[in-house]
Amino acid sequence: MNIVVLLRALRDPASFSVNRRAQKIFVHRDLHRLNPADHNALEAALALAGASAGGSVAALACGGEPAGEALYQARAMGAGRALWVKDEALQPADGAVVTRVVQQALARLGGADLVLLGADVLDADLAQVGPRLAAAQGWPFVEAGYRVRAAPASQGRLQVVLAKPGGYQAVEIGLPAVVSIAVDSNKPRYPSAPSIMRAYADLQALDVVSPAELGLDQAALAARVDRLGESFPPERTFGERLEGTLGDVVAQLAARLQR
Amino acid sequence: MDLADLSALLGEDLAAETFSDIWVVLPGHEAATPAGAAVLAEARRLADALGCYVHAVLSDDAAAPAAVAFGADRAHITADAVEYVSGQNPEFVLLPAGLNALAARLAQRLDSGLITAVTAGLDVDPDTRALRGSRPVYGGDYLLDLAVTSPVKIATLDTATLPAAYADPGRTGETLISDLPAPEPHARDLGRVDYHPPAWRPLSKGRVIVSIGRGLGEAAGVAQAQALASRLGGELAGDRSARDSGWIDEAHEVGVTGQEVAPDLYLALGILGDTIHNAAITGARRVIAVHANPAAPIFQAADVCVVAEPSAVLPALLAALG
């Protein structure tokens, strides 16, 4: 089973602070990390490939240097191949553009039986890439899977466990497919020190391409969503006290909880 | 002179006027739910400003009267919402955020831009007709202001942040029924499974956390707190004092020494709130604290404070929530 994992690098939440009063974001350090849910998707892919004979994992990321770093991490964790669509302009790209890039990149990787990605993206509106990619390829899509494994009885099918109100439910889908993986659904493995060193020492660790090499021109990369800027929620006010008799207070509390 | 002549004269396609309408996609019984009603009311607000119609796309004709009452001019009943809407030449499509995946499929089909989970600032630019909206990033630290500029514009709305919609039973609208066949389901349902999520960070995904501390008094309160957590669809947690009392285990301890949490709602019952605890809940969107001591430090970290004995509030609250 050829598995492709889509990774996104984002600014580490620990490296900036948001001042709502000043309406500003203060960046302390230039620090990036892998989107947490994508980290879980990578672990799910490695576990699935390890469990099936002849399984392979290729990691895919688009953007500037932080995307490359994410791919080195993926190689160190055990991904067999990594494709970096290197273009700074792709970092703030919208869902439609990223989907287009991923489609072309899948062709470059020689196709895929399964595409895994994180069910949510912390820094951008890109959780839509999963269902968009599935729609573009005509593949099934399953959202926020907790566990993926090959269906025991039939070849070319996949069982995915999903969270439903009051419990967990399994669904079975045919391959190829796109599955997004819920954040914290597994514990990502730590790469060993030698594997990290091997990944960085390997000059062919990453396959680096530009969007043009994938056959994407400026028209194909035209955004459908513009980023106008940032806005800030109002400052929090602490310490509003609920007054009255116990009955009054409980009624007010219940009204707030039901909202 | 008919419409075609007038169009030729003005050099504009007047028949394409329906293009500017707003479509709200609400499969199932969504139109009658608060989420569906809130989206319909937002669509109505935009449509009144733009001077266009609101179409509701439903899968069940029983939901049509509710959709009309909440603001739709026309209800469309279809088994295949994506296929149906694609054929209708929409300009704006709105959905509740629970249908993000459906919205993305529709966006890909119509080659349009999509903003998901908009919480603020939904409007239409009067000059460019771009659909603008703000959505939270980094768990609500700040919002990205986005504008969809493609010919078809799609957004999903986080309905928890919208005002409650009101129904006008006097409104009238027509109902159209399409005979498109239902799409083949991609996934085969295997039913409930005995699956236990990995226990390494059980609180990290909790959107609602009910947290208990020594101020709860008796161990009998723990069962009530658990009942409240279940009622609110959340997790039961506690601070160091609760763990020392044996009410919770290590994996459910909130604090710098345990786990840092960032839920939408953090309900602290009988937690005094030392630095170790309060530093771990700074990511929470809303904190409600109940403690008998008016000087408890938890009240400096809480949005809503209740100075009362938690053991008295808890049973009354459970009764009030039903």
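These points cover chain B of a predicted model, from its overall build down to one serine.

1. Overall build. Chain B holds 9 helices and 16 strands. Its C-alpha trace spans about 85 × 45 × 40 Å along the principal axes. Among contacts in chain B with a separation of 6 or more, 59% join residues 24 or more positions apart.

2. Burial and surface. Of the 322 residues in chain B, 50% are buried. The chain exposes about 14,100 Å². Carbon and sulfur atoms supply 53% of that area.

3. Charge. Chain B carries 21 positive and 40 negative charges. The mean positions of the two sets lie 5 Å apart.

4. Nonpolar cores. In soluble globular proteins, nonpolar side chains tend to be buried together. The largest nonpolar core here has 42 residues. Ile22(B), Leu40(B), Leu58(B), Leu94(B), Leu122(B) and Leu131(B) touch the most other members. Helix α2 of chain B, residues 34–50, gives the most to this core, with 7 residues. A second, separate core has 41 residues, including Leu34(A) and Leu114(A).

5. Ser211(B). This residue sits in strand β12 of chain B, which runs over residues 208–212. Its relative accessible area is 0%, so Ser211(B) counts as buried, the cut-off being under 20%. The side chains of Ser211(B) and Tyr266(B) share a polar contact of 2.8 Å.

6. Surroundings of Ser211(B). Neighbours within four places in sequence are set aside here. Ser211(B) is then in contact with Ala237(B), Gly238(B) and Asp239(B), and with Val254(B). Its other contacts are Tyr266(B), Leu267(B), Ala268(B), Leu269(B) and Ile271(B).

Technical notes: Residues numbered from 1 in each chain as written. Chains lettered and ligands numbered in written order. Predicted model: local features only at pLDDT ≥ 70, side-chain atom pairs only at ≥ 80, totals over all residues. Heavy atoms only, no water. Helix = DSSP H or I, 4+ residues; strand = E, 2+ residues; numbered from the N terminus. Buried < 20%, exposed > 50% of the residue type's maximum accessible area, 1.4 Å probe, protein only. Polar contact = N/O pair within 3.5 Å; in protein donor to acceptor, adjacent residues only side chain to side chain. Contact = heavy atoms within 4.5 Å. Core = buried A, V, L, I, M, F, W, Y, C linked by side-chain atoms within 4.5 Å. Areas by Shrake-Rupley, 256 points an atom, 1.4 Å probe, with all protein chains shown as cover. Lys, Arg positive; Asp, Glu negative; His and termini not counted. Charge placed at Lys NZ, Arg CZ, Asp CG, Glu CD.
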